[in-house]
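Q: Got a minute to go through this one with me? I'd like to start with the loops and then move on to the strands and a helix.

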Amino acid sequence: MPKRRRPNPDPPESVLATLPERVPVMPIKSTILFPTGATGLQVGFAPNVEVLSRYRERNLVVALVHAEDDEMPIDPASLQKIGVLSRVLNRLNLPGGTIQTTIQGLIRVHLEDVRFEDGHYTASTRLVEEVAIDEEEAKRLIEKILATLGGIGANVERLAEVPKILRSNMGDPGRFADLVATLSHFGAMDKNEVLQRLDVAERLEYVVQALEREWERFRSQSQAGDEHLPPSGGSGDRPGDRAGEIRKRIATLQSELSELDPAEKETLEALRQIERTQLPSNVSSVARREAERLRTVPPGSPDASAIRHHLDLLLSLPWSTCSTKTEIDLDGVRSELDAHHLGLEEVKRKILEFLSVAKLRGNIRGPVPCIVGPPYVGKRTLVEAIAEGLGRPLLRLELGGRGEAQLLGSRRARNGARPGKIIEAYRGLGIRDPVFLLEELDLIGLGNVEGDPIEAMEEVLDPETRPHFIDRYLDVTFDLSDTLFIVTANDFYRVPRNLREFLIEIRIAGYTSEEKVEIAREQLLPRLAGEHGLAEDDVDVVDDTLLLLTRGYARDSGLGNLRRSLSSILRYVAHEKARETADHWEVTPELVEEVLGTPRYSTTEAESAPEVGVVTGLAWTASGGELMFIEALKMPGSGRLIITGLLGDVMKESVSAAYSYVRSRAEMLGIPIEVFPEHDIHIHFPVGATPKDGPSAGAAVTLAIASSLSDRSVRHDIALTGEVTLRGKVLEIGGVKEKILAAYRAGLREVILPAGNERDLRDVPDDVRAGTEFLFVEHMDQVFERALDPKQDSIPKKDGRRKTGGGSKPEGERKRRKVAATESDSSGG
């Protein structure tokens, strides 16, 4: 098999580009200079003195070559061989006409057409290629060299440190052979033989033979070479002397066998990997220190295992390699976002805005995008689209339930120490600039977790500390500044406050029934059909069936229930196809009910008929907006106010304020004054096992109490939200988009909102805004007028501001206002 050839390692291109056609040649007899080495020479040979005197330029480049002839003058033809292109670093004129100079070796070259002219030698040069060696053969020869040198070094004090130096320079076998010849004090003839060999295998073999000759010479001269160790117990037999003699004897025996002990072999292999990996200098020093420790512990001990694991982690991390596609491709990201998601234009715009800033700035070392939304709205697939658009791999880590040690690792001194999940994710990745998705940031620190994971996440999210991230197990700085971190959460305001300052909120509110139908048609059905072994044309699902699924079985904000429902239907179809009962199936509403049972969500009482004391409120939850039915019941009693439904303190105070306001407006509402001391009022919030809090149910509670005490029913086709003061003012709240979507999904087309939230309609999808009528109110009297059964005329008229998306105007004058284009910063329960 022909051997591979390779050029000289790292040729200095600037030197080669400026070389003249002919180069001055300096023949030397006393020593040999190898590439990358340096030496001091005292030049007295007349042609060489002429070279240094004639060419005075700084950093003069000459060719050094070994002169074997003793006769003068030297025959130019004998110099036509391998030499070393070298740089003259400095020169000092000495008495007697000699010159002291320091010369640095650069690369091997072949000298051709050597001439003696004008009192010195010159030649033209030709670059040479080394013949590469097989990795396993190089490993075998290097181990043999180190074993032989170990024996020599154990007996020759001046060579004792040479094996240690060589173990730190094993990455290039050819250079290793040159170093052995230099450090082991080979004679000039042997050094020249090493220099002349371009085949690295032959070069190493020659070094082995030279060392073995030196070892045999040493053994023949040693008088104690074959003697046994002296018996212990003598008066001069000290423990330190005996231990040193034993170690020397072991090294001698290993040298005779040309073998290394297992710990030494493992150490050499680790050092070779460290040099081959080309770690940063600070990491390389730590890795070398760990590799050297392998020599001091038993191979099968727990300490050896811990060292191996630490070394493996150091060598497998991407310290300096970045992805090939470092430029941010905005068009590519946009294309992937459109392919993965229908709609969500505002979300996509904010993502592209963030990436645009990073592109203009030239780095991504700023705030971290936080995609917020209910479960199954596509937060993860958005991040997957970003990673694909950027051409970077995606890492994922769920933060819920993680302790500090799980994120940052534990000290190696502790039993069972492990690296943290963050640094572990980079192991074997190959690049240090992936997209890293941190999920469930709002759940971090909850439950019985160890340490302070919130502080650990600060080190990751803070742009100032990201370049200096330290995993406690790794104990070396790892730069995270080129990683694009993206976090997700269900509730942005449950994210710890000190983490929120590092985040950019990007909110996904949820999907309407119509949007779900479109997503199911365009994306879900084709993908799920393939996952269930069906072709797209095997199943036909009409829009009415999809609409039934979204309204009767999947009213959640996301797509989770819809995907599960479709999967159940497709499993049924797959079973029928496997039985070969038909070739094509049409999924009808009847088939849906046969497979899934009766619809999970039926028409509620609030949607079917008006009732006294029952109000449809709107609530915001981490899963999106939801309807909240508030019930008020009047009964004979002593004027007590009873509140049930697992409420927080804020909501209880809101109910008390609502009751007080209704009492103050009793005459206007037509409530006899004796009703209050003679009747109890019970306010209940159904789904009692679910905790509820926040002030935004104030308007609905006030309406329910007024309805119950005045015996007037509340309109069933209207929903409302808003905080109420003791004077009846309706204050703005948060979560408007989610609440409006919840009402729209439930079929409610009229919503009462605080006037201060009129600007929040800009966040509502166009089709929802066009199909819903909004009444913006500033005072509860406007709510009473609109929502209570108008059978009494005692309520004074106060016009609310109404906004409709389309259709004919209702009776009476409606004042339309332009929706403000600013976002609301308010929040509410």
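**Loops, strands and a helix**

A: Sure, starting with T36: this residue is exposed, because its relative accessible area is 52% (buried means under 20% relative accessible area, exposed over 50%, partly exposed in between, with a 1.4 Å probe and protein chains only). Keep in mind that this is a predicted model, where local features need pLDDT of at least 70, side-chain atom pairs count only at pLDDT 80 or more, and totals for chains, interfaces and linings use all residues. Residues are numbered from 1 along each chain as its sequence is written, and side-chain values use heavy atoms, with hydrogens and water left out.

Q: Where is the place of T36?

A: T36 is in the loop between β2 and β3 (38-43). Helices (H or I, at least four residues) and strands (E, at least two) are DSSP runs, numbered from the N terminus.

Q: And what about the phi of T36?

A: T36 has a positive phi of about 70°, although it is not a glycine.

Q: OK, E440 next: where does that one lie?

A: E440 sits in the loop between β11 (435-439) and α17 (453-461). Its phi is positive too, about 65°, and E440 is not a glycine.

Q: Why does E440 count as partly exposed?

A: Because its relative accessibility is 30%.

Q: Switching to strands: how many bridges join β2 to β7?

A: Three bridges, and β2 (residues 23-28) and β7 (residues 120-127) run antiparallel. For two strands to pair, DSSP has to find at least two bridges between them. Within this pairing, V25 stands opposite Y121 in β7.

Q: How many bridges for β6 and β7?

A: Seven, with β6 (residues 99-117) and β7 pairing in the antiparallel sense. H110 has R126 in β7 as its bridge partner.

Q: What's between the strands in that hairpin?

A: Two residues lie between β6 and β7, and D118 in this hairpin takes a positive phi near 55°.

Q: New topic, helix α28: how many of its residues are buried?

A: Ten of its ten, so to speak mostly covered, over residues 736-745. Among them are V736, I740, L741 and Y744, along with K737 and R745.

Q: What follows α28?

A: G747 does, and its phi is positive, near 90°.

Q: Last one, T725: where's its place?

A: T725 is in the loop between β25 (723-724) and β26 (730-731). T725 is partly exposed, because its relative accessible area is 22%. From T725 to P695 is 9.9 Å in space, C-alpha to C-alpha, and 30 residues in sequence.
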